[in-house]
Amino acid sequence: MSSFKLIELLFPTPVVETVKPPAVFKPSLLICGVNTSDCVQLLINAETFVLGKDEDCNGRLDFNTEISRHHCEIIWRDGLYYVKDRGSTNHTYLNDIMLAPGTEYPLEAGDRLQLSTSVFTVEEFHQRGDQA
């Protein structure tokens, strides 16, 4: 056995795992009303963004009485967005599919979000200086 092989056996090359740094939240989605009585444009500016008619919601939607107090939430995690119905009375729909309460569904630009009878489009938001 060569001395080089002996050294490899005694001192094996360590396995180095690269750890991906956690993504940093930066708002990148807008929710825009399509058939809403009020002109609605909401920048999703928090990692958990609650939509509803209650005063403590991040995105207050008090123009439609059929929207629940805490209707749904948009969640940002690991660089991706999700939407979750919070047990609303009149349901949340994503691209015309009714969401099961409490289940997270991927949300991205181009999607259609419906809270009760109010329809919104999901659009990309770029801050000045961002590359498209």
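The exercises below treat the strands of one open sheet in a predicted model. Residues are numbered from 1 along each chain as its sequence is written. Local features need pLDDT of at least 70 in this predicted model, and totals for chains, interfaces and linings use all residues.

**Exercise 1.** Work out the order of the strands in the open sheet, and name its edge strands.

*Solution.* Begin with the terms: strands are DSSP runs (E, at least two residues), numbered from the N terminus, and two strands pair if DSSP finds at least two bridges between them. The open sheet of 5 strands then reads β4-β3-β5-β6-β9, with mixed pairing. Its edge strands are β4 (59–60) and β9, each of which pairs on one side only. At the β4 end, β3 (residues 48–52) runs parallel to β4 and is joined to it by 2 bridges, with Arg-60 as the bridge partner of Gly-52.

**Exercise 2.** Describe how β6 pairs with β5 and with β9.

*Solution.* Take β5 (residues 72–77) to begin with: its pairing with β6 is antiparallel and extends over 6 bridges, and Cys-72 stands opposite Asp-85 of β6. The hairpin of these two strands has 2 residues between them, and there Asp-78 takes a positive phi near 55°. Turning to β9 (residues 104–107), β6 pairs with this strand in the antiparallel sense over 4 bridges, where Glu-104 is the bridge partner of Lys-84.

**Exercise 3.** Explain why β6 is largely enclosed by the rest of the structure.

*Solution.* Apply the cut-off for buried, under 20% relative accessible area (1.4 Å probe, protein chains only). Of the 6 residues of β6 (residues 80–85), 5 are buried, and the strand is therefore largely enclosed by the rest of the structure.

Methods: Predicted model: local features only at pLDDT ≥ 70, side-chain atom pairs only at ≥ 80, totals over all residues. Heavy atoms only, no water. Buried < 20%, exposed > 50% of the residue type's maximum accessible area, 1.4 Å probe, protein only.
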